[in-house]
Amino acid sequence: MKHSRYPSGDNRRGRSIRVTIPCVAISVVLCLAFALASRTSNAGAMMLADAPAVLQVAYAGSMGSMMDGGVKPAIAKSLGADLQGRAQGSTALANLIVAGSIRPDVFISVTPGPMRTVLATGKAKNAIPIARTEMVIAYSPKSQFASDFAKANQTGAKPWWQILQSPGIRFGRTDPTTDPQGQNILFALQLAAAFYQQPDLVEKIAGPQINTQQIFQEPEVMGRLQAGQLDASSAYKTQPGSFDLPYVTLPKEINLGDPSLEDEYKHATITLNGKTLHPAPLVFYVAVLNDAPQLALANRFLEWLQSPEAREIFSHYHYDPPGNAPPLIP
């Protein structure tokens, strides 16, 4: 009786089956993995394509409320862009731009000085005036002096400059070496000293130029007022309203808000870091940086800032039109 070379069930065929099944399974898994990877890659590409372009804007710290609450959502709708801002003192921002430490698409400053610093180094071709404001004295409703400030401009009441000399009053301002507002309150106090014939008014209210008990970063001053940590502070008229804070208006001869009084304002002077400085009307300027990463978008933003939609937003946040302020060139 002959024996078969192969056991029953044919081991060759069995081995073939055992090899083929794992190969098929591996192929299926690889196909599924490839399909999933393709779908993931396509989805990622679609997400990147749908993501809005990012517009980097460095702007004066006093503009924070308007930029976040008004301009940012409007730009998302009108230009399809995501505005990412850096709020800081204009002088500090100008120095960072000139040094190459930051590279925004757009720079917005208050007063021409910081913008001229940027223009002088060839970082931008020109700067366009878009709005103006004026100096005011903001105060906290929680302050023990709130009722005095509320009546400050009434006939026979204690004037604002006398209230600011009250014992124990907590007055806030910004650093004049890094922020134009810190300079402008000193200019305004000098003009007030002449206007009210009070020669030592600046020293009695502000003390030394760099008074560490009064100086805070610009974005935090309004927050401190709101919390009652300060009784009063210097401010632009554009700032208190966003925090529901009251303020005292100042005469136009003092408030730096009237372009027609520019020559009169220049009678005030301070010296910082060996430089003699004079005030200028509180005009906001905007410039597109020459090396803007999003140059085309930055130019569209510049056009939008001069549109009726932008002017309506500026008005809502208490910014005045720039008037007859001319553009700046290097």
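Which residue in β11 does V110 stand opposite? Select V110 and look across to β11, where its partner is F284. The model is predicted, so to speak of local features a pLDDT of at least 70 is needed, and side-chain atom pairs count only at pLDDT 80 or more, while totals for chains, interfaces and linings use all residues. Residues are numbered from 1 along each chain as its sequence is written, and side-chain values use heavy atoms, with hydrogens and water left out.

Next, select residues 106-110 and 283-288, which are strands β3 and β11, paired in the antiparallel sense over five bridges; strands here are DSSP E runs of at least two residues and helices H or I runs of at least four, numbered from the N terminus, and pairing requires at least two DSSP bridges between two strands.

Widen the selection to the open, mixed sheet of five strands, ordered β2-β1-β3-β11-β4. Its edges are β2 (81-88) and β4 (128-132), each of which pairs on one side only.

Now add helix α3 (residues 90-99), which packs on the sheet and touches β1 (53-60), β2 and β3, contact being heavy atoms within 4.5 Å. The direction of α3 makes about 145 degrees with that of β3, where axes are lines fitted to C-alpha atoms, for helices over the stretch in contact, and angles run from 0 to 180 degrees between N-to-C directions. Helix α4 (residues 112-120) lies across β3 and β11, running at about 145 degrees to β3.

Finally, select N273, in the loop between β9 (270-272) and β10 (275-277), where phi is near 55 degrees, a positive value in a residue other than glycine.
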